[in-house]
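User: I should like to examine the reasons behind the labels used for this model. Please begin with the terms for accessibility.

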Amino acid sequence: MTAINELLARHSRTRDLGHPEIPTPVPSLALTIVTCMDARIKVFDVFGLKHGEAHILRNAGGVVTDDVIRSLTISQRKLGTREVIVMQHTNCGLSQITDDEFKTDVWEDTGLRPTWAVEAFREVKDSVRVSVERARRSAFLLHTDNVRGFVYDVATGLLDEVV
Ligand SMILES: [Zn+2]
């Protein structure tokens, strides 16, 4: 059984079918959280977040990439968000590889060298600073005065504000 089939089976047993409890797509806290896809991070629990309060954007690293800027722009211009949390974390997989090594591995396996940046980093705080600056300096965003960056410690569950 694949994981997808497992989830489809769970869905068929779920009483509420994940039916949205709120009538609007507009996040009630006017907030977007950018964070890593790391399966350890329980982003709703980290912030005591409730359903419907925020947009959650996740990718490898929790990096503000061009595609995250795309979503932030839509979030702010069409769905009213005004604040951004960038939360990266300790022990991230992106701190254990380098762009060049990873791209070379992919190239050797596939014959294609990715044109995109892997966004690997050595020091997570530096990566948070880069991502926060990308958001703050974006010409497309309406609200850049409340963009704040954090490191989440996966060992302690504590947040450290970086910038
Ligand atoms: Zn990560």
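Analyst: Buried means under 20% relative accessible area, exposed means over 50%, and partly exposed lies in between, with a 1.4 Å probe and protein chains only. The model is predicted, so local features need pLDDT of at least 70 and side-chain atom pairs count only at pLDDT 80 or more, while totals for chains, interfaces and linings use all residues. Residues are numbered from 1 along each chain as its sequence is written, and side-chain values use heavy atoms, with hydrogens and water left out.

User: Why is Arg40 called partly exposed?

Analyst: Arg40 has a relative accessible area of 41%, and a value between 20% and 50% is what the term partly exposed requires.

User: What makes the pair of Arg40 and Asp38 a salt bridge?

Analyst: A salt bridge is a side-chain nitrogen of Lys or Arg within 4 Å of a carboxyl oxygen of Asp or Glu. The N to O distance between Arg40 and Asp38 is 2.7 Å, so the pair meets the definition. Asp38 has a relative accessible area of 16% and is therefore buried. The structure holds 11 salt bridges.

User: What does the salt bridge between Asp100 and Arg113 tie together?

Analyst: The closest N and O atoms of Asp100 and Arg113 are 2.6 Å apart. Asp100 lies in helix α4 and Arg113 in the loop between α4 and α5, so the pair links parts 13 residues apart in sequence. Arg113, at 37% relative accessible area, is partly exposed. Helices (H or I, at least four residues) and strands (E, at least two) are DSSP runs, numbered from the N terminus.

User: How do you know that the span of α4 is close to the expected one?

Analyst: The expected span of a helix is 1.5 Å times one less than its number of residues. Helix α4 (residues 99-110) has 12 residues and reaches 16 Å from its first C-alpha to its last, close to the 16 Å expected. Just after α4, Gly111 takes a positive phi of about 80°.

User: Why are Arg136 and Glu133 said to be about one helical turn apart?

Analyst: Both residues belong to helix α5 and are 3 residues apart, which means a separation of about one helical turn. Their side chains form a salt bridge at 3.6 Å, N to O. Glu133, Arg136 and Arg137 are linked in a network of salt bridges. Arg136 is partly exposed at 30% relative accessibility, and Glu133 is partly exposed at 28%.

User: What makes Cys36, His89 and Cys92 donors of the zinc ion?

Analyst: Donors are N, O and S atoms within 2.8 Å of the metal (3.2 Å for Na, K and Ca); water is not among the atoms, so sites may look incomplete. Cys36 (SG), His89 (NE2) and Cys92 (SG) lie 2.0 to 2.3 Å from the zinc ion, so these atoms qualify as donors. Their spacing along the chain is C-x52-H-x2-C. His89 is buried at 1% relative accessibility, and Cys92 is buried at 3%.

User: How do you know that β1 pairs with β2 and β3?

Analyst: Two strands pair if DSSP finds at least two bridges between them. Strand β1 (residues 31-36) and strand β2 (residues 54-59) run parallel and are joined by 6 bridges, with Arg58 in β2 as the bridge partner of Thr35. Strand β3 (residues 83-89) is also parallel to β1, over 5 bridges, and Val86 in β3 is the bridge partner of Val34. Both counts therefore satisfy the definition of pairing. In β1, 6 of its 6 residues are buried.
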